[in-house]
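User: I'm new to this structure and would like a close look at a single part of it. Could you walk me through the nonpolar surface patch, with enough background to place it?

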Amino acid sequence: MENMQYAEELVKEFLVFRGFMNTLQIFETELSTDVGKAFQVDKILDLIFSVYVPRFQADKLVGLLSFFKQCFSSSSEAALIDTLSKLEVSILRYYIVHALNSARQDKVIEFYGTYGNVLLQKCDDWTPWFAIPYMKNPNLDPQFRVYFSKEWFDALLLLVRNFLSEVFNGIRLPALLKISIEKNTIKRLKKDIRQLNLKLSQLQAMLEAKESELSQLRRISPTSEACVLHRNGSMRESSSERSQTYVSEHINLQGRGLHAIDSHSLEVKPGLKVWDSPSSVRISSESTLSKLETDSNSLIKLSIRDDDGAQTSTDVSEDRRAVLTEEEFPEAKVEFQETFLGHTSPISRCRFSAAGTNIASASIDGTVRIWTYDSSTPTSRNATIYCGAEIMSLDWECKSDRLLLVGTGGGGIKAWNVDAKRVVCDLNTSAEFPSVLDLKCSPVDPIFVSAAASRGKGSSNIERLGFASLTVWNMKTWKAMSVLPLGKDPPAITSLCFNHNGKILAASAIDGMIHMFDMSASLQITGWPAHDSAVSSVLFGPDETSIFSLGTDGKIFEWSLQNQGQVLWSRDCSRFCRWESIGTSRHEMALDSNGRRLLVTSDSVRSPIYQVQGHMTGFKTLPHSAAITTVDWHPTLPIFLTGSADHSIRVTSIL
């Protein structure tokens, strides 16, 4: 059924393309009344013996018979072609007999004038038949009498019916239906190729990791200062034959008042008790040293003796353990991954469309490309937009999925219509605020908000961002409606986010503040200091009772909106996110459709995927070859985007 519908759509598309509108109307009318889903022999017989022959439509009759021959053009169907050729001779002779019986000798002469030479070349004993229109009573002639009998016609009709029934009511399919089957086969093969490529990349990554470990082991000397191991006897010997181990790893517990332990002064006894370091630090544990180093999920208890001899105990915090385990995050289990290599410069932004069918990706060279990752999705919207300045922000219209907004570092805001493939509006911010750091469309109303910034003086990204301007634009008139109040000389706004009904707008600033605006009144309703440093990205939580913020200090907080100032969840991803590391204006984070996975950009070749809502474990993405500069999640599926400084964008589906 699916193949039949696909074939019918192909026929309609072709008829529209050629402009055969009358044919299209007749085709659709017959589709609405037709209940058959295969070749119908009775209709073919009626067409030949009740339409073409009685109406003397010789050209259509010959064309239909030639079409049948083309259907059996392969060498394996030579027997069918031979049988059909014999039936063709009989059908054409019946056409002549019917014309003579209808006293239409002119139609016989016309038939010979058109197809006579072709019939003679076939050598099917047609020569006597050329005299038949000039005979007075051909039905009495012994040579032609049989062709005028009812028995001969009934036998011919039966032979044609049996032949067509044998051929068309079997397993034979029209070539048009085979297109759909071949399309599905190609799609399945492509999926298999993606999975094999994924397995290959995973095996290559494993091989690189093993080679790196092997290289490190080769560089380690048994007598090096980093790790000296003296063994006297077997590990199974009694405690009287204990070994001494010199540990070189420095344990640095910053912020806890602990001093680094001198690696040359730790004497390790059986049971792992470390005594009398020069800094008077005493560490005791019931676990082995290897377990201390590897089992970061267990609670590590430290017993500390200070200079006064007092002993205290502290627990490593959950955040600290999360940091320790980030490097050990397992790779996400990937279902498939596609890589887009259409850009020639580092990627600055990439976004799924509101429906998730198209992707917009921008590069620092000022180009935006619209493309699709799914081979079954039409590519009619694919395009390249040249903006002439660095792209700093992208956002899709939420309702129709038809408009893409592009903000540049030159103060330009372009609205691109993906169906018409043209810029429908080219706006400009004031010359005082040329950097459009973020754009957000309302999910309900035909408006969008732009966060523009003036240029500051300085060498760092933060210092290069000056004051802020928040402007509300009407997407019907393409004019500015209002400017949201931020106070005098407000710090630059880096990120914007609407809630589900578009009534509240959240904005994060480089002074660490999060501002909340009532869009119906165009007024700020609240705000609080969320970070000690600049806030790089802000997102509403899935139930919109909380809001996530990412600071340039690498801290991620989930703030309660019911109890302002209360932190519901937090992570430290500072080893991934350093403001100046990748040279972009801000790091990003993205929540999946369920609000349970938080993906963050990274100055490393991998990005962390944190499990929100109390889950401790996380994942890491498959590696790019350079820093990951932008991320986004599909609006409904477990598929995410990662754009990199290596000019590539990857679409990854995880299990």
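Analyst: Of the 655 residues in the protein, 44% are buried, meaning under 20% relative accessible area, with exposed over 50% and partly exposed in between (1.4 Å probe, protein chains only). This is a predicted model, where local features need pLDDT of at least 70, side-chain atom pairs count only at pLDDT 80 or more, and totals for chains, interfaces and linings use all residues. Residues are numbered from 1 along each chain as its sequence is written, and side-chain values use heavy atoms, leaving out hydrogens and water.

Now to your patch. F14, F17 and F20 together make a nonpolar surface patch of about 350 Å². Patch members have over 30% relative accessible area and no salt bridge (a side-chain nitrogen of Lys or Arg within 4 Å of a carboxyl oxygen of Asp or Glu); nonpolar side chains (Val, Leu, Ile, Met, Phe, Trp, Tyr) are joined within 5 Å, like charges within 9 Å. Areas come from the Shrake-Rupley method with a 1.4 Å probe, and for residues only the protein chains shown count as cover.

F14 sits in helix α1, which covers residues 2-18. With a relative accessible area of 45%, F14 is partly exposed.

For the wider setting, the protein has 10 helices and 35 strands, taken as DSSP runs numbered from the N terminus (helices H or I, at least four residues; strands E, at least two). The protein exposes about 34700 Å², and carbon and sulfur atoms supply 53% of that area.
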